[in-house]
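Open the structure in your viewer and keep the selection tool at hand. The stops below go from one selection to the next.

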Amino acid sequence: MHVENDIKLGFKDVMIRPKRSTLKSRSQVSLERTYTFLNSGKRWTGVPLIAANMDTVGTFEAARVLAQSKILTAMHKHYSVEQWQAFLAELPADQLPYIMVSTGTSDNDYERLKQILALNAGIEFVCIDVANGYSQHFVDFLRRVRGDYPEITIVAGNVVTGEMTEELLLSGADIVKVGIGPGSVCTTRVKTGVGYPQVSAVIECADAAHGLRGHVISDGGCSCPGDVSKAFGAGADFVMLGGMLAGHDESGGELVEEDGKQFKLFYGMSSDTAMEKYHGGVANYRASEGKTVKVPYRGPIANTLLDIQGGVRSTCTYVGASELKELSKRTTFIRVQEQENRVFTS
């Protein structure tokens with residue numbers, strides 16, 4: 001047993017200190033980034049936001065809208081090969097760089113992945129997604145995919161520490177997904193006691209990744225545009241969003257009505273709801289590590305995208321960053337005990 005005594009920080013624990021700026025308008029801020037990836041060697045340009053690979057978020061419908069803004073969508077794992085074939089048949093070629101195919105690590109998962117990749121040689125991203133990225137089986141699977149697909153850009157996770165970030169990059173990942181338990185419908189920290197506050201996790205993992213010329217995604221915990229800015233400020237190259245992109249026309253989840261108000265169901269992919277839907281229930285050797293909630297219906301996802309991007313642009317004007325890539329260099333976090341005045345809340 002060992003105790004680390006230094007304080008670890010989440011989004012609620014910090015704010016960004018303003019700095020002198022010469023920017024006159026948010027319109028002067030560019031949110032596009034260009035990355036060259038460590039192992040695939042591929043070059044990518046776009047807005048580094050990602051819709052999470054949850055069936056209530058990472059849908060074909062959302063992807064069609066997000067790709068128009070050069071934003072990525074990690075598709076959920078439960079689309080069939082036939083559904084992928086129909087989707088890819090009608091997807092414009094210039095939107096392919098904003099599509100991720102997600103996979104688990106079983107033999108059946110790999111067979112499905114190979115069939116999907118065979119449908120279109122233009123697919124650039126694969127997301128190998130497991131809750132526990134510390135498993136040797138996961139690392140072995142990553143090496144297998146890298147060996148078979150040297151030119152595919154591989155996202156792998158989730159982890160929260162620098163040494164495992166380095167291990168995944170050296171094993172073939174281009175981008176490491178960072179986050180254990182911060183998501184709004186994730187109960188891993190409650191059920192297992194395992195986790196790591198997200199801001200500190202991103203700082204540690206980004207430092208490790210950037211030393212090897214790799215990249216990281218901050219996955220989970222963002223509840224408002226300010227949190228997205230904090231993730232970028234902490235060193236994240238990409239920010240993955242779940243709850244913030246749920247509840248829209250293009251999102252998955254059943255639409256329900258209560259007391260004259262409309263809601264959409266939103267749930268974690270390890271929840272009872274998801275396990276019942278895709279696996280016939282929670283296996284008797286494990287516990288549910290997610291919950292199901294009702295998210296107020298939010299209309300078109302495009303409106304929310306504008307709000308998020310507008311918030312990040314505003315952050316950049318407060319610290320004098322004319323481009324998103326400058327934000328982490330100009331970020332100074334201050335520790336706080338309050339974020340906002342909540343006298344009046346909706």
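A crossing of two helices is called right-handed if the near helix is turned clockwise from the far one by less than a right angle, and left-handed if it is turned anticlockwise. Keep in mind on this tour that the model is predicted.

**Stop 1: H1 and H2.** Select residues 60–68, helix H1, together with residues 81–90, helix H2. How do the two helices cross, and at what angle? Their axes come within 12 Å and cross at roughly 25 degrees. Angles under 35 degrees count as roughly parallel, so H1 is roughly parallel to H2. The crossing in which H1 passes H2 is right-handed. Now show the side chains at the contact: Phe60, Ala63 and Arg64 come from H1, while Gln83, Trp84, Phe87 and Glu90 come from H2. By class, these residues of the contact are four nonpolar, one polar and two charged.

**Stop 2: His76.** Go next to His76, in the loop between strand E4 (71–74) and H2. Is this residue buried or exposed? His76 counts as buried, because its relative accessibility is 6% and the cut-off for buried is under 20%. Add Met54 to the selection: His76 and Met54 are 22 residues apart in sequence, yet their C-alpha atoms are 5.1 Å apart in space.

**Stop 3: Cys186.** Select Cys186, where UniProt, in an unreviewed entry, places the feature "active site". Cys186 sits in the loop between strand E8 (175–178) and helix H6 (188–192). With a relative accessible area of 27%, Cys186 is partly exposed.

**Stop 4: H8.** Select residues 225–233, helix H8. Eight of the nine residues of H8 are buried, so this helix is largely enclosed by the rest of the structure. The buried residues are Pro225, Asp227, Val228, Ser229, Lys230, Ala231, Phe232 and Gly233. After H8 comes Gly235, which has a positive phi near 115 degrees.

**Stop 5: H8 and H10.** Keep H8 selected and add helix H10, residues 301–319. The axes of H8 and H10 come within 8 Å and cross at roughly 55 degrees, which means that H8 is oblique to H10. H8 passes H10 in a right-handed crossing. To see the contact, show Pro225, Val228, Ser229 and Phe232 of H8 with Asp307, Ile308, Gly311, Val312 and Thr315 of H10. The residues of this contact divide into five nonpolar, three polar and one charged.

Conventions:
Residues are numbered from 1 along each chain as its sequence is written. This is a predicted model: local features need pLDDT of at least 70, side-chain atom pairs count only at pLDDT 80 or more; totals for chains, interfaces and linings use all residues. Side-chain values use heavy atoms; hydrogens and water are left out. UniProt positions are given in the numbering used here, feature names are shortened, and annotations may be inferred rather than shown by experiment. Helices (H or I, at least four residues) and strands (E, at least two) are DSSP runs, numbered from the N terminus. Buried means under 20% relative accessible area, exposed over 50%, partly exposed in between (1.4 Å probe, protein chains only). Axes are lines fitted to C-alpha atoms, for helices over the stretch in contact, and angles run from 0 to 180 degrees between N-to-C directions. Angles under 35 degrees count as roughly parallel, over 145 as roughly antiparallel, 65 to 115 as roughly perpendicular and the rest as oblique. Contact means heavy atoms within 4.5 Å. Ala, Val, Leu, Ile, Met, Phe, Trp, Tyr, Cys and Pro count as nonpolar, Asp, Glu, Lys and Arg as charged, and the others, Gly among them, as polar.
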